[in-house]
Amino acid sequence: MEHKAFLKTKQEGMLSQPIQIRRGIFQGDSLSPLFFCIALIPLTNKLNTAYCGYQVHGTERKVSHLLYTDDLKLLSRNENDLKNEIKIVQTICKDINMNFGLEKYVRICLKRGRVQSKMHIGSTFENDIKELDPRKAHKYLGIEESFDIQHKNEKEKLKKEYLRRLRLVLGTELSANRLQAIGSLAALVLRYSFGIVNWHQEEPQKLDRKTRKLLTIHGQHHPKADGDRLYVPRKQGGRGLMQLEAAHAVEITKLVEYVDRKEDPLVQVVRTHQRNTDSAV
């Protein structure tokens with residue numbers, strides 16, 4: 001596949017030499033993911049116009065798929081719809097010469113919130129997709145899911161990974177940058193899940209206490225030192241450690257504000273579903 005990049009500045013426009021793209025995304029190239037997403041526009045357009053997908057209760061909108069870069073989740077109301085969606089994906093991806101990593105794909109059938117027996121869809125391509133074991137979960141965008149998000153298991157894994165990274169940072173020879181490294185390398189693991197995984201308010205508080213305890217053990221925080229100053233930005237005379245409790249509150253607030261003002265059709269579906277759920281309680 002051959003592409004040319006066009007760069008427009010205030011003074012002039014510049015056209016690059018032909019760029020040979022054979023497969024994959026070039027790491028570190030900001031244009032490569034953009035080209036990849038552009039190549040998938042026909043796929044998402046075709047799925048949106050196929051009249052397949054799951055219809056959210058109380059709306060006329062059908063949701064046939066969720067797509068973020070190369071992570072695709074297909075949603076269907078029955079086996080025939082799923083077969084049509086997979087056929088569309090197979091056709092479009094063949095046209096743009098994109099291969100599937102079928103070992104990463106799984107499928108699951110739900111009816112009234114319960115996992116059903118294996119679906120029988122009859123082509124070679126579809127039969128290569130494994131059925132998800134009801135006792136296991138599948139990772140989508142970094143979060144493990146089955147018939148829903150496995151909140152309890154996910155939180156335990158995130159806590160262990162956070163503490164593992166925290167201990168690694170504290171075990172390094174960094175001095176003033178240790179607290180900054182904790183925020184960028186360890187706390188980021190938890191922050192990504194805020195608003196997706198159901199964290200109770202006391203859970204980030206406990207992790208903050210655990211963090212201060214480990215800082216004290218590693219000689220980075222005196223047991224009688226001011227705990228509040230630990231989280232004050234360095235520009236204001238503090239030490240600049242990210243407080244997990246505050247980060248959780250910020251992420252939840254931003255997510256609510258985003259959903260409230262966003263005019264995207266799918267976000268409106270979320271708002272309608274939430275109103276219908278609240279009124280039914």
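Q: How many helices and strands make up the secondary structure of the protein chain?
A: Happy to start there! This is a predicted model, and the secondary structure of its protein chain comes to nine helices and 14 strands. Of the 281 residues, 29% count as buried.

Q: What makes helices H5 and H7 count as roughly parallel?
A: The crossing angle settles this one. The axes of H5 (residues 151-170) and H7 (residues 202-217) cross at roughly 20° and come within 11 Å. Angles under 35 degrees count as roughly parallel, and H5 and H7 are therefore roughly parallel to each other. As for handedness, H5 passes H7 in a right-handed crossing.

Q: Which residues make the contact between H5 and H7?
A: On the H5 side they are Lys-155, Lys-159, Tyr-162, Leu-163, Leu-166, Arg-167 and Leu-170. H7 brings Glu-203, Leu-207, Lys-210, Thr-211, Leu-214 and Leu-215. Sorted by class, the contact has seven nonpolar, one polar and five charged residues.

Q: Why is Thr-211 called buried?
A: Let's set the value against the cut-off. Thr-211, which sits in helix H7, has 2% relative accessibility. Buried means under 20% relative accessible area, so Thr-211 counts as buried.

Q: What lies 2.7 Å from a polar atom of the Thr-211 side chain, and how do you know that the pair is within the distance limit for a polar contact?
A: The partner is the backbone oxygen of Leu-207, at 2.7 Å. The limit for a polar contact is a pair of N or O atoms within 3.5 Å, so the 2.7 Å separation satisfies the distance part.

Q: Which residues does Thr-211 contact once its neighbours within four places in sequence are left aside?
A: They are Tyr-162, Leu-166 and Leu-241. Tyr-162 and Leu-166 belong to the H5 side of the helix contact, while Leu-241 is placed in the loop between H7 and helix H8 (244-261).

Q: How do you know that Leu-241 is buried?
A: The same kind of check works here. Leu-241 has a relative accessible area of 4%, and buried means under 20%, so Leu-241 is buried.

Q: What does Leu-241 touch, not counting residues up to four places away in sequence?
A: Leu-241 touches Leu-179, Ile-182, Thr-211, Leu-215, Leu-230 and Tyr-231. Two of these names, Thr-211 and Leu-215, also appear on the H7 side of the contact with H5.

Q: Where does the C-alpha atom of Leu-241 lie relative to that of Arg-229?
A: The two C-alpha atoms are separated by 9.0 Å, with the residues 12 apart along the chain.

Note on methods:
Residues are numbered from 1 along each chain as its sequence is written. This is a predicted model: local features need pLDDT of at least 70, side-chain atom pairs count only at pLDDT 80 or more; totals for chains, interfaces and linings use all residues. Side-chain values use heavy atoms; hydrogens and water are left out. Axes are lines fitted to C-alpha atoms, for helices over the stretch in contact, and angles run from 0 to 180 degrees between N-to-C directions. Helices (H or I, at least four residues) and strands (E, at least two) are DSSP runs, numbered from the N terminus. Angles under 35 degrees count as roughly parallel, over 145 as roughly antiparallel, 65 to 115 as roughly perpendicular and the rest as oblique. A crossing is left-handed if the near helix is turned anticlockwise from the far one by less than a right angle, and right-handed if clockwise. Contact means heavy atoms within 4.5 Å. Ala, Val, Leu, Ile, Met, Phe, Trp, Tyr, Cys and Pro count as nonpolar, Asp, Glu, Lys and Arg as charged, and the others, Gly among them, as polar. Buried means under 20% relative accessible area, exposed over 50%, partly exposed in between (1.4 Å probe, protein chains only). A polar contact is a pair of N or O atoms within 3.5 Å; within protein, one must be able to donate a hydrogen and the other to accept it, and residues adjacent in sequence count only if both atoms are side-chain atoms.
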